[in-house]
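Please work through the following exercises with the sequence and the model side by side, trying each task before reading its solution.

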Amino acid sequence: MTGERATAAAAAAPGVDVFQSFLRTRFSTDTNTVSSVLKAFCGENESLDKDGFQSFICELFRSPFGYYILDQSQLDQFHQLLGFGQELITMQEFSLLWRHWVSSILQPKNALLVINMQNDFIAGSCALKDISFSGQDASCIIPSVNKLLQMDFDLIIYSLEHHPERHVSFIEDLPENWASMQFSGDGEAGIGSRVRTDRGEVILWPRHCVRGSWGAQLADKMVIADRAVQVITGNHELEDTFSAFYEDSGNTESSLLDCLRLSRTTDLYLCGLLGDITVAETGRQAALHGLRTVLVTDATIGSNEPSVIQKKSELKSLGVSCVCSDQVADMLVARDRRPELGFVSAINFAQAIKRCSTQHKINQAKLPNTPSDTTDQLQS
């Protein structure tokens, strides 16, 4: 699902944001608040019908420049996920929606993940301008990344590769690893070649980001945020990694997911290197973990443009939102509320309801005389 920014030609002027008083720290789940919001969309009725629900959805997704345009099929998708399988949404059900779905939209917990912005990838042995066909200079995204680092994120994480002295991805170590590798293409090994070992896929690069070296440090012109967290990947000699969620080829999780869960992160913003490899795979896995994921396009650069375009399209199909750094500040404080991210939250909500319903049935089977209710379980 995607949302298009409304213009004066496409939609009426948005007027006052009816949810303005509930943004971020002002968000409330008390009964009077929920009741007042429900009445604003259902009038004197005690339940929200489908038309009222659709009006609620249309009002919810907007930016400072106008409403996002949703077609009927998109509105129906939201109702299918959030309507509890019925035409009318009761006060109790709306309270659940407000606490567990709307809260992620009006009160997001935002984390910034800066991926592999290290000296060797910027100006060292593995500098993008020297190893890619495009000749792009990775230092060009540093200003955009630094701008993000100075925004009001709830959590900032630097993901860094720290390889041992010898590593399976180092082309200089290739002869010793030859027997265990199967080469793609014509079988000639070179920088950027994808090869497969008995432990997973590897991309060959010059020796880079050796732990303790200058090349493994954050790039010299990068802002170092206060209270930031570091996640280390790539520290297994015989395995490569293409995601900040894993230390190696997928057998050992990094500390990233635990960091995000402990901080109760809802929205994960991605930037860094390389846009079509590690950033893209990290974004894919973030989406699969149910995170509302945002790719900041001008703070990311890839090995070649066609590959970046393809990966961006794949990420969008998973519900990842692609934005420029200039748009992020409004998103952090929920002045810009995007439908594609709301849809991710809706899927999470529907899955939680389904799990509670399943558990309810299990409990009834075990304790048939004990009353229980799905909504009570979710509220607890």
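**Exercise 1.** In this predicted model, determine whether phenylalanine 78 and phenylalanine 343 are buried or exposed, and then describe how the two rings are arranged.

Solution. Begin with the surroundings of the two residues: phenylalanine 78 is buried, and phenylalanine 343 is buried as well. Next, take the geometry of the rings, whose centres are 5.6 Å apart and whose planes make 85 degrees, an aromatic pair that is edge-to-face. Finally, place the pair along the chain: phenylalanine 78 belongs to helix α3 (residues 72–82) and phenylalanine 343 to helix α13 (residues 339–366), so that distant parts of the chain, 265 residues apart, are linked.

**Exercise 2.** Describe the aromatic pair of phenylalanine 153 and tyrosine 269, and decide from the relative accessible area how phenylalanine 153 is to be classed.

Solution. The first step is again the geometry, which is edge-to-face, with 5.4 Å from centre to centre and 75 degrees between the planes. The second step is the location: phenylalanine 153 lies in the loop between α7 (142–149) and β5 (155–161), whereas tyrosine 269 lies in strand β10 (residues 267–273), and the two are 116 residues apart. The third step uses the cut-off for buried residues, which is under 20% relative accessible area. Phenylalanine 153 has a value of 9% and is therefore buried, and tyrosine 269, at 0%, also counts as buried.

**Exercise 3.** Work out which strands make up the open sheet of six strands, and in what order.

Solution. Reading across the sheet gives the order β9-β5-β4-β10-β11-β12, with parallel pairing. At the edges stand β9 (229–233) and β12 (321–323), each of which pairs on one side only, and from one strand to the next the twist averages 25 degrees. Helix α7 packs on this sheet, where it touches β4, β5, β10 and β11 (292–301), and its direction makes about 140 degrees with that of β11.

Now follow the individual pairings. Strand β4 (residues 110–115) pairs with β5 in the parallel sense over five bridges, and isoleucine 115 has serine 159 in β5 as its bridge partner. β4 also pairs with β10, in the parallel sense and over six bridges, and here isoleucine 115 stands opposite glycine 272 of β10. β10 in turn pairs with β11 in the parallel sense over six bridges, with leucine 270 opposite leucine 295 of β11.

**Exercise 4.** Explain why β10 is described as largely enclosed by the rest of the structure, and state which of its residues point which way.

Solution. The count settles the first part, because seven of the seven residues of β10 are buried. For the second part, recall that in a regular strand the side chains alternate between the two faces of the sheet. In β10, Asp267, Tyr269, Cys271 and Leu273 point one way, while Leu268, Leu270 and Gly272 point the other way, and all of them are buried.

**Exercise 5.** Classify glutamine 72 by its relative accessible area, and give the separation of its C-alpha atom from that of glutamine 54.

Solution. Glutamine 72 is found in helix α3. Its relative accessible area is 42%, and glutamine 72 is therefore partly exposed. Although glutamine 72 and glutamine 54 are 18 residues apart along the chain, their C-alpha atoms are separated by 9.2 Å.

Key
Residues are numbered from 1 along each chain as its sequence is written. This is a predicted model: local features need pLDDT of at least 70, side-chain atom pairs count only at pLDDT 80 or more; totals for chains, interfaces and linings use all residues. Side-chain values use heavy atoms; hydrogens and water are left out. Rings of Phe, Tyr and Trp (its six-membered ring) pair if their centres lie within 6.5 Å; planes under 30 degrees apart count as stacked, over 60 as edge-to-face and the rest as tilted. Helices (H or I, at least four residues) and strands (E, at least two) are DSSP runs, numbered from the N terminus. Buried means under 20% relative accessible area, exposed over 50%, partly exposed in between (1.4 Å probe, protein chains only). Two strands pair if DSSP finds at least two bridges between them. Axes are lines fitted to C-alpha atoms, for helices over the stretch in contact, and angles run from 0 to 180 degrees between N-to-C directions. Contact means heavy atoms within 4.5 Å.
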